[in-house]
Amino acid sequence: MAGKPPTGDPVQDAPDVTAPQHAAAGLPAIAHSLRVAHEQMGVRRTALTLLKVNQKDGFDCPGCAWPEPDKRHAAEFCENGAKAVAEEATLRRVTPAFFAEHPVADLAERSGYWLGQQGRLTQPMYLAEGADRYEPVTWDRAFDVIAGELQALTTPDQAVFYTSGRTSNEAAFLYQLFAREFGTNNLPDCSNMCHESSGSALTETIGIGKGSVLLEDLYKADLIIVAGQNPGTNHPRMLSALEKAKAGGTKIITVNPLPEAGLERFKNPQNVRGLAGGGTALTDLFLQIRLGGDQALFRLLNRLVLETEGAVDTAFIAEHTHGYADFERTARTADWDETLRATGLRREEIESALRMILASRRTIVCWAMGLTQHKHAVPTIKEVVNFLLLRGNIGRPGAGVCPVRGHSNVQGDRTMGIFERPAPAFLDALEKEFGFAPPREHGLDVVRAIRALRDGQAKVFFAMGGNFVSATPDTDVTEAAVRRARLTVHVSTKLNRSHVITGAHALILPTLGRTERDRQHTGEQFVTVEDSMGMVHASRGRLAPASPHLLSEPAIVCRLARRALGPTSTTPWEDFENDYAAIRDRISRVVPGFHDFNTRVARPGGFTLPHAPRDNRTFPTTTGKANFTAAPVEYPTAPEGRLLLQTLRSHDQYNTTIYGLDDRYRGIKNGRRVVLVHPDDATALGLPDGTYADLVSEWTDGSERRAPGFRVVHYPTARGCAAAYYPETNVLVPLDHTADTSNTPASKSLVVRLEPQQAPA
Ligand SMILES: Nc1nc2c(c(=O)[nH]1)N[C@H]1C(S)=C(S)[C@@H](COP(=O)(O)OP(=O)(O)OC[C@H]3O[C@@H](n4cnc5c(=O)[nH]c(N)nc54)[C@H](O)[C@@H]3O)O[C@H]1N2
Ligand SMILES: Nc1nc2c(c(=O)[nH]1)N[C@H]1C(S)=C(S)[C@@H](COP(=O)(O)OP(=O)(O)OC[C@H]3O[C@@H](n4cnc5c(=O)[nH]c(N)nc54)[C@H](O)[C@@H]3O)O[C@H]1N2
Ligand SMILES: [Mo]
């Protein structure tokens, strides 16, 4: 059945529910990934493709940003990586005939799942003003349309250039160069919704917004704390690393409102024990925290460490840090009762954690969206940094901060200058290399871009990948905002909702994926990516492109730049398109850490970017030291009869791309509109398991937002907390509900009430 998309729209919202599982991966994961892959690619292509994932001569998995170990397995992929690959290497195609058959209004009624299942985009498509459907268009005409709208703007700041995190270093570098030559820093990206809080907190405290550990450090650690992360689904290869660490004696504390199967127990599909045996128990201590209780937890732990004789690394603090006195005074006031309230934990649990922390000489803290998507996300992560600094756990082997990044090249895109608030030194380097004056004023991030579109201040919206309207908060507000644009343009591999919620006119520009061969005038090209631990390496696609009409992302930027900037630009766009090594030469002269880029990336496995705190305990902060901080403790609360809701991922999705309708580890099948609630809370609210409810979020300004028809699932989450999938719940997140400083949508803590409803017919 490979190549045939489903007919009709199979999304059904009467999910089947069984008990959640307590182990991840094992044989079912292999079986599952092969089934999905065979459906999309057929048997031969599956074998050809999956064997090249994450190999030194192959392509970087388009799934997550977890690094590859130096010694690789023949199959260095995971179930969800296999699904990400199958999604891209599918044999299904969206052709002009498809668009002729489906008016945009019809496509706007379809689910994101259905749209994605139609297959790869094959030709540039144009939705003319007033037209009811997309029509094929030549590339030249498409670039004329964009250039025409860009040139008609009153100021370059009326254009917005969004990036999602799969874009290669080469494409990202060219894209920001084009935007800045055009005259704007309006470069919002998916990072604004993702690890921006980590970037903000780490830049202020340690001087660089990236993690400080390498894969080997995990194996050397005595203790790894995994807070606010579900690696069993979102970074499955991390489980192999945790398993290896455990084998060497590392202890693991998990901090999470949900007992996530992968962290409980891991059955490594790459060894016999994992396939046939019971697998490895990973978590030694599970702290089932209330949503948003993490800052309070780390604050109290810091007080307890301070009160323990000899526990503080005074030499490190004296030599390398700043702000200790203030921090110490504040931390000593941490209150047990308040912490127990904020976290929902028991005193003995926190004391057990303390014992493990004190017994550890080398500690790492890993985190993801469970920490970054809260109103107080930045002070929470700063408290984690305080926690590590206190015992000198930064800048030595087996210790450090480990924000686990999402998209496979989201970290690299930032390194390449995709940022609405670029550092002056970066702009200076760009100016020197390319001989133009880049704009210095800060641009728009994601939330501010939506406001600018809503208020008519932004008129052209261009997206390098992603699915802006589905990934962003306040869906109704955002869709109305995007519809006010003059022109919306999407460089995409697959059809998604952002293609059907458009400005006055719209373009879809189909592009090559990671798995595909990229041939230009000088021959076959490769691109480069940077993983979550600052390792840069090459990625080379092997499959024939999904269609002969596709252009690579670098080629699209080069052609657009030539057309839109005209002869005023002295940048050799044509050379860049012809030979990506020429792009890398420029990167090596602009971006620190990339000297001899072409030579070093040619080595198998690539190279590691410098990281001053990790490499030599220097901290490029404003004080020249690592900064302790002392913010007031915050935590979200819900009034009587209300719950705190987090929006999260199921096992069968990649952000807004829905692979299937199951969430195997959580026992959910055949549907996505579920809300997970603690049985005692559900009973108190009069909601037996299996009943249906609308989710209504209540916002501080008195406004409400509603997502109808969720099946109530009694689930062992923390008391007072609930969970439901994104993007369905994005309608509930107010645009203004963002993290302080980072402005990241606070989609992990919404106050909601559950209104009982009839089950759908
Ligand atoms: N297969 C697959 N892989 C992916 C993705 C995908 O969608 N599918 N997305 C990619 C991207 S872009 C990203 S950013 C990452 C996301 O990776 P994750 O951050 O793991 O993704 P979420 O599903 O949002 O899970 C959040 C986790 O944090 C917990 N949590 C929520 N709130 C809190 C809190 O207040 N405190 C604590 N301690 N825990 C909390 C939740 O229970 C859940 O376990 O994964 C990347 N990899
Ligand atoms: N409520 C809530 N909202 C959230 C989150 C949450 O946890 N809760 N998580 C946030 C996070 S962490 C993130 S990162 C964002 C994700 O936001 P985005 O990055 O904007 O969304 P994706 O769903 O990853 O984008 C999928 C689309 O990317 C395109 N694509 C895939 N591969 C390629 C490629 O190689 N090139 C190009 N040009 N296009 C490609 C396909 O057309 C596909 O439809 O969502 C955020 N939104
Ligand atoms: Mo993300």
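**Group meeting: two ligand sites, aromatic pairs and a few single residues**

Let me begin with one residue, Glu524, which sits in strand E20, residues 523–525. Everything I say today refers to a predicted model. Is Glu524 buried, exposed or partly exposed? Its relative accessible area is 32%, and partly exposed covers the range between 20% and 50%, so Glu524 is partly exposed. In space, its C-alpha lies 8.9 Å from the C-alpha of Asp579, and the two residues are 55 apart in sequence.

A second residue is Ser470, which belongs to helix H25, residues 468–471. Its relative accessibility is 12%; the limit for buried is under 20%, so Ser470 counts as buried. Along the chain, Ser470 and Tyr726 are 256 residues apart, yet their C-alpha atoms are separated by 8.9 Å.

Now to the ligands, starting with ligand 1. There are 31 residues around it, and the closest of them are Asn256, Glu260, Gly292, Gln653 and Asn655. Two of those closest residues also appear among the polar contacts. Asn256 has a polar side-chain atom 2.6 Å from an oxygen atom of ligand 1. For Glu260, a side-chain N or O atom is likewise 2.6 Å from an oxygen atom of the ligand. Asn80 places a polar side-chain atom 3.2 Å from a nitrogen atom of ligand 1.

How much of ligand 1 does the protein cover? On its own the ligand has 910 Å² of accessible area, and the protein covers 99% of that. Four elements give two or more residues each to this shell: helix H11 (231–234), helix H20 (369–372), strand E25 (643–648) and strand E26 (653–654). Sorted by class, the shell holds 11 nonpolar, 16 polar and 4 charged residues. As for the domains, both domain 3 (196–404 + 623–627) and domain 4 (643–757) give residues to the shell, so ligand 1 lies between them.

Next, ligand 2. Here the surrounding residues number 30, and Tyr162, Ala471, Glu553, Thr656 and Asn730 come nearest. I will mention three polar contacts. With His407, a side-chain N or O atom is 2.9 Å from an oxygen atom of ligand 2. With Gly466, a polar backbone atom is 3.1 Å from an oxygen atom of the ligand. With Arg166, a polar side-chain atom lies 3.1 Å from a nitrogen atom of ligand 2. Taken alone, ligand 2 exposes 930 Å², of which the protein buries 96%.

The shell around ligand 2 consists of 9 nonpolar, 16 polar and 5 charged residues. Why do we place ligand 2 between two domains? Domain 2 (96–189 + 409–595) and domain 4 (643–757) both give residues to its shell, so the ligand lies between them. Domain 4 therefore gives residues to the shell around ligand 2, as it does to the shell around ligand 1.

On to the aromatic residues. A pair of aromatic rings is described by how far apart the centres are and by the angle of the planes. Searching the whole structure gives 22 aromatic pairs. I have picked out two. For Phe161 and Tyr175, the ring centres are 6.0 Å apart and the planes stand at 90°, so this pair is edge-to-face. It links distant parts of the chain, with Phe161 in strand E7 (residues 159–163) and Tyr175 in helix H8 (residues 169–182), 14 residues apart. Phe161 and Tyr175 are both buried.

The other pair is Phe597 and Phe607, with centres 5.9 Å apart and planes at 85°; an angle over 60 degrees counts as edge-to-face, so this pair is edge-to-face too. Phe597 is in helix H30 (residues 597–602) and Phe607 in strand E23 (residues 607–608), 10 residues apart. Again, both members, Phe597 and Phe607, are buried.

The rings of Phe161 and Tyr175 also belong to a cluster: Phe161, Tyr175, Phe178, Phe182 and Phe462 form one aromatic cluster.

Last, helix H9, residues 196–206. Of its 11 residues, 9 are buried, so the helix is largely enclosed by the rest of the structure. The buried ones are Glu196, Ser197, Ser198, Gly199, Ser200, Ala201, Leu202, Thr205 and Ile206. What follows H9? The next residue is Gly207, which has a positive phi, near 95°.

Technical notes:
Residues are numbered from 1 along each chain as its sequence is written. Chains are lettered from A and ligands numbered from 1 in the order in which they are written. This is a predicted model: local features need pLDDT of at least 70, side-chain atom pairs count only at pLDDT 80 or more; totals for chains, interfaces and linings use all residues. Side-chain values use heavy atoms; hydrogens and water are left out. A residue is near a molecule or strand if one of its heavy atoms lies within 4 Å of it. A polar contact is a pair of N or O atoms within 3.5 Å; within protein, one must be able to donate a hydrogen and the other to accept it, and residues adjacent in sequence count only if both atoms are side-chain atoms. Accessible areas come from the Shrake-Rupley method with a 1.4 Å probe; for residues, only the protein chains shown count as cover. Ala, Val, Leu, Ile, Met, Phe, Trp, Tyr, Cys and Pro count as nonpolar, Asp, Glu, Lys and Arg as charged, and the others, Gly among them, as polar. Domain bounds come from an automatic or database domain assignment. Rings of Phe, Tyr and Trp (its six-membered ring) pair if their centres lie within 6.5 Å; planes under 30 degrees apart count as stacked, over 60 as edge-to-face and the rest as tilted. Buried means under 20% relative accessible area, exposed over 50%, partly exposed in between (1.4 Å probe, protein chains only).
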